[in-house]
Amino acid sequence: MKVRIGIGIIVFFSVIAIIGPWLNDLMGIGPWKIDYDAIAEPPGAGHLLGTTSQGTDVLAQMIAGTRNSMVVGSVAGVIGVILSVVVGVTAGFFGGKVDAVLSFVTNMFLVLPVLPLTLIVAGYVQDTGPITIALIIGLFGWAAGARTLRAQTLSLRGRDFVMAMRMIGESKPRMIFVEVLPHLAGWISAMFLHLVLAAILAEAGLAFLGVSSADTISWGTVIDQARQVALLNGMWWWFVPPGLCIALLGTATGLVNFGIDEVMNPRLRTADIKAMRKALA
Amino acid sequence: MPEETPVLAAEDVTKHFDTGRQTVRALENVTLRLYRGRIAALVGESGSGKTTLARLLAQFYPVTSGEIRLRGEVVSGPDKDFYGEVQLVFQDPFASLNSLRKVEHNVRRALKLHGHAADDAAVHELLAKVNLTPAADFARKLPHELSGGQRQRVAIARALAVRPSVLLGDEPISMLDVSIRLDVLNLLARLREEEGLALLYITHDIASARYLSDDIYVMYAGQMVEGGPAESVIQEPKHPYTRLLLDSSPDPERAGGSSAFTATAKLGEPPSLVDPPPGCRFHPRCPFAKEQCKTSFPPRTEFADGSWTNCWLHNES
Amino acid sequence: MILDVKGLNVDYITAKGAVRAVNDVSFQLRRGEILGVAGESGCGKSTLIMALIRLLRPPAAITGGQVWLHPREGEPVDIASRTDRELRRLRWRSMAVVLQSAMDALNPVARLSAQFADVLKEHGYKNTEERTAELLEMVGISPDRARSYPHEMSGGMRQRAMIALALACDPELVVMDEPTTAVDVVMQRQILAQILELRERLGFSVVFVTHDLSLLVELADRIAIMYGGRIVELGDAAEIYRAPRHPYTKGLRDSFPPLHAPVTRLNGIPGTPPDLRNLPIGCAFEPRCPRRFADCAERRPELLTVGDALAACHLHDRERTAHA
């Protein structure tokens with residue numbers, strides 16, 4: 001149940017991200033359209049979530065922002081996961097010198113202060129769009145995952161079934177892809193979700209600090225703009241939706257991760273209290 | 001024991017594990033030979049070095065000194081040809097099969113990798129050979145759908161798929177339910193007959209060693225203390241440790257009530273292998289220990305019934 | 001008599017329904033007696049003894065029957081129906097437990113002395129140090145080991161320490177769940193010898209669960225054989241070994257190759273233990289039984305008197321009607 005809610009929320013945002021522009025056209029609203037008759041208007045019939053102090057529609061901005069936030073999240077997630085799988089699994093499976101070198105690199109990335117570094121890089125790169133931010137976050141955020149995967153691979157490598165497959169002469173690539181990797185699927189998906197959330201939060205944080213492109217809209221930029229005006233004027237409808245979206249997505253990834261944990265570790269499965277009460281009554 | 005060349009042998013093998021701060025002296029000058037169509041049992045308590053010896057024979061790690069020989073040739077390291085001849089069956093059938101792969105995956109890969117036909121018929125034939133029938137049904141099952149005994153059969157089928165001449169069984173039945181242990185032992189005995197395999201059966205259960213094997217080797221704390229034809233070792237144990245092992249094993253025939261248990265004195269426990277006692281490592285627990293036992297390991301004494309022991313009690317000099 | 005179990009049922013309750021792991025189990029335990037319980041994994045033997053001392057964890061729960069404990073002093077108590085608080089007074093003093101893995105049962109970050117002191121103080125012992133030393137000595141551990149942590153001891157020593165701890169408050173009933181399965185044969189024999197010796201000295205009763213029937217024959221006074229959640233045979237230990245009445249008991253006995261008697265080909269018991277979620281209508285052992293006949297698949301045999309023992313098998317129906 002928990003997992004289903006989580007997946008539901010994630011699917012919902014993904015769909016919005018994909019059909020966003022079309023949805024806005026359909027409703028006849030747009031993130032840049034200014035309605036001079038409705039400036040800083042609270043939610044109502046004309047503008048379902050109200051308007052900003054410039055007279056743009058908050059709902060339209062949210063829909064457009066979902067796409068960019070999700071792009072940042074998934075691009076960072078994919079890059080981060082690929083890096084952590086390549087580095088972590090290679091280090092864990094081959095061990096020895098390969099492991100020593102890769103572990104050193106991993107540890108180095110682990111102690112890098114990511115946020116200041118991101119700020120510096122973002123400052124150098126002209127016009128920091130969502131893809132740039134996703135790249136930065138993905139390239140700097142894989143180390144923790146790589147370390148977990150290394151440890152897991154190391155333990156899998158010593159397991160009897162891997163030894164047995166080695167004894168019948170299985171090749172190393174097949175050993176990694178057919179015997180070892182499938183066992184890490186839970187870890188990898190949990191890691192991906194974690195990276196997605198971290199990237200969305202980081203993007204919002206960066207936007208909040210002013211590091212963002214002027215012509216893209218994301219949940220982060222909406223909050224940033226709202227921060228400058230809305231708080232002072234009590235325009236809650238401006239900053240609550242983006243905040244809520246981030247919180248919801250965070251909850252969703254958490255719920256899915258709980259589910260993955262339960263599947264991977266049956267000990268966490270709790271007894272069915274309701275069934276017990278009924279049976280013992 | 002026969003005069004022919006052993007299929008697989010450990011000759012005067014020593015293994016020390018270096019963990020950085022300390023050295024674990026797991027095996028000292030151990031010799032064990034496996035012959036075609038014969039089953040040798042290796043008996044001892046945990047920490048006696050049985051598993052280490054099996055893993056040395058299977059080339060999981062190199063020897064510290066001594067040699068592993070395959071048909072008389074010194075083996076330099078594990079390669080595909082070596083594993084085409086030597087296979088090991090693990091103790092825990094829950095861990096030795098990939099939980100995400102079907103039964104047929106294991107057998108088919110082994111067949112394919114060693115250049116044998118790997119079609120359904122070949123896979124089913126192997127499964128049938130280890131009594132997993134109807135084979136077509138079992139082939140499609142996942143490990144969690146099988147009982148422990150069935151899993152162990154799959155592991156045996158996978159090992160047989162490469163058509164080895166030596167099968168090393170590292171406590172292959174100790175994790176199985178009592179009622180199906182004999183089934184697996186009988187299967188191993190049949191494979192010895194039908195395929196002419198050389199078998200090593202490692203166990204802590206000396207009664208099952210007697211049931212299955214032709215020869216029994218007894219190890220204590222990394223040293224080989226006694227060996228010979230199964231019946232002579234069981235009925236006329238020469239080494240005091242073998243006798244202790246036999247006296248300790250449950251034997252309902254002996255029970256005239258429960259008196260057998262109360263006779264046991266407090267005999268201590270096996271020593272640490274980091275700092276083992278000098279000489280015969282059994283001497284601190286041995287009721288017959290002499291001065292000699294504390295300083296040097298005894299040479300081998302051979303007996304007319306084909307058995308031998310390393311014990312000063314049986315050495316005149 | 002110390003324990004009187006009547007029609008005990010234990011279910012594993014899941015959302016999909018209940019699975020009965022212990023089914024209508026009844027037996028009596030005499031004072032100072034060692035009762036062995038043997039069977040394959042999944043036969044319900046461990047669940048049974050956890051129910052006897054009410055240490056079942058959800059989703060397992062007692063769903064029927066009574067477990068009457070008759071303490072030396074005071075009224076008999078039905079353990080199955082008491083609250084945990086009421087049971088607290090009985091724990092350690094009247095009943096104690098020794099589990100298979102001492103490593104899991106002992107606290108890894110506390111010295112042995114502290115763990116003994118915890119239990120002893122709770123039950124009003126003043127001089128805990130002296131009592132701890134006395135207990136450790138009783139199981140052959142030198143008292144200066146009291147300052148050790150569990151990981152500093154060998155498996156056999158930990159297991160003996162667990163036995164000493166179980167005996168801390170001089171209980172009348174000790175239940176043991178495979179206490180020697182994780183240790184080597186030599187240590188196993190020493191531990192069993194100690195249990196027998198202490199039983200002589202202190203007079204407690206034991207319910208001893210194991211999969212190793214050959215060991216029970218030497219240890220126990222009586223043996224109960226479990227299959228598919230039920231007791232299928234119960235009788236004198238030597239008698240059960242010499243003349244088993246249930247084909248399952250016979251199969252189990254013949255699963256252990258002899259140590260000295262001539263070796264013959266043995267077959268164990270073909271097939272696999274029953275699925276408790278889906279038991280046969282008749283005898284649970286019928287699908288594996290070498291002596292099954294028509295009745296066995298249709299009616300479940302009751303546990304009834306056969307000679308000096310109890311057995312649940314239709315093979316003895318004819319005998320019984322002849323007597324009646």
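Helices here are DSSP runs of H or I with at least four residues, numbered from the N terminus. The structure is a predicted model, and that definition applies to the helices named below.

One short case shows how the helix numbering is used. In chain B, helix α12 covers residues 291-295. Glu291(B) and Lys294(B) are 3 residues apart in this helix, and therefore about one helical turn separates them. The two residues form a salt bridge, with the closest N and O atoms 3.6 Å apart. Glu291(B) is exposed, at a relative accessible area of 59%. Lys294(B) has a relative accessible area of 36% and is partly exposed.

Helix α7 of chain B, residues 178-195, holds another pair of this kind. Arg190(B) and Glu194(B) lie 4 residues apart in α7, so they too are separated by about one helical turn. Their side chains meet in a salt bridge, with 3.3 Å from N to O. Arg190(B) is partly exposed, its relative accessible area being 25%.

Chain C has a salt bridge that links distant parts of the chain. The side chains of Arg299(C) and Asp317(C) meet at 3.6 Å, N to O. Arg299(C) sits in the loop between α11 and β11 (304-306) of chain C, while Asp317(C) belongs to helix α12 (residues 317-323), and 18 residues separate the two in sequence. Both partners are partly exposed: Arg299(C) has a relative accessible area of 43%, and Asp317(C) is at 22%. Asp317(C) is counted as partly exposed rather than buried because the buried class ends at 20% relative accessible area. Over all chains, the rule gives a count of 43 salt bridges.

The next part of the model to consider is chain A. Its secondary structure consists of 12 helices and 0 strands. Along the sequence the pattern is therefore one of α elements throughout, α-α-α-α-α-α-α-α-α-α-α-α, with helices taken as DSSP runs. Taken along the principal axes, the C-alpha atoms of chain A fill a box of roughly 75 × 65 × 30 Å. Of the 281 residues in chain A, 46% are buried. Among contacts in chain A with a separation of 6 or more, 73% are between residues 24 or more positions apart.

Chain B carries a record annotation. An unreviewed UniProt entry lists residues 8-246 of chain B as "domain: ABC transporter". In the model this span is 38% helix and 27% strand, and its end C-alpha atoms lie 28 Å apart.

Chains A and B meet at an interface. On it, 22 residues of chain B are in contact with 15 residues of chain A. Together the two chains bury about 1700 Å², of which 61% is on carbon and sulfur atoms. On the chain B side, Phe90(B), Asn98(B) and Arg109(B) lose the most area to chain A, together 28% of what that side buries.

What polar interactions cross this interface? There are 8 residue pairs in polar contact between chain B and chain A, with both residues at pLDDT 80 or more. Two elements of chain B, β6 (86-89) and α3 (103-113), each supply at least two residues of the side that touches chain A. The largest share of that side comes from α3(B), with 5 residues. By residue class, the chain B side divides into 10 nonpolar, 7 polar and 5 charged.

The rule finds 1 salt bridge across the interface of chain B and chain A. It joins the side chains of Glu170(A) and Arg109(B), at 2.7 Å from N to O. These two residues are also linked with Arg174(A) in a network of salt bridges. Arg109(B) thus appears in the interface twice over, in the salt bridge with Glu170(A) and among the residues of chain B that lose the most area to chain A.

Chain C also touches chain B, and Ser255(C) gives a view of that. Ser255(C) is placed in the loop between α10 (247-253) and α11 (294-298) of chain C. Is this residue buried or exposed? Ser255(C) has a relative accessible area of 4%, so it is buried. Leaving out residues up to four places away in sequence, Ser255(C) touches Val178(B), Ser179(B) and Leu182(B) in chain B, and Gly268(C) and Ile269(C) in chain C. A polar atom of the Ser255(C) side chain lies 2.8 Å from the backbone oxygen of Gly251(C).

Key. Residues numbered from 1 in each chain as written. Chains lettered and ligands numbered in written order. Predicted model: local features only at pLDDT ≥ 70, side-chain atom pairs only at ≥ 80, totals over all residues. Heavy atoms only, no water. Contact = heavy atoms within 4.5 Å. Buried area = accessible area lost by both parts, 1.4 Å probe. Salt bridge = Lys/Arg side-chain N within 4 Å of Asp/Glu carboxyl O. Polar contact = N/O pair within 3.5 Å; in protein donor to acceptor, adjacent residues only side chain to side chain. Nonpolar A, V, L, I, M, F, W, Y, C, P; charged D, E, K, R; others polar. UniProt positions renumbered as here; feature names shortened; annotations may be inferred. Buried < 20%, exposed > 50% of the residue type's maximum accessible area, 1.4 Å probe, protein only.
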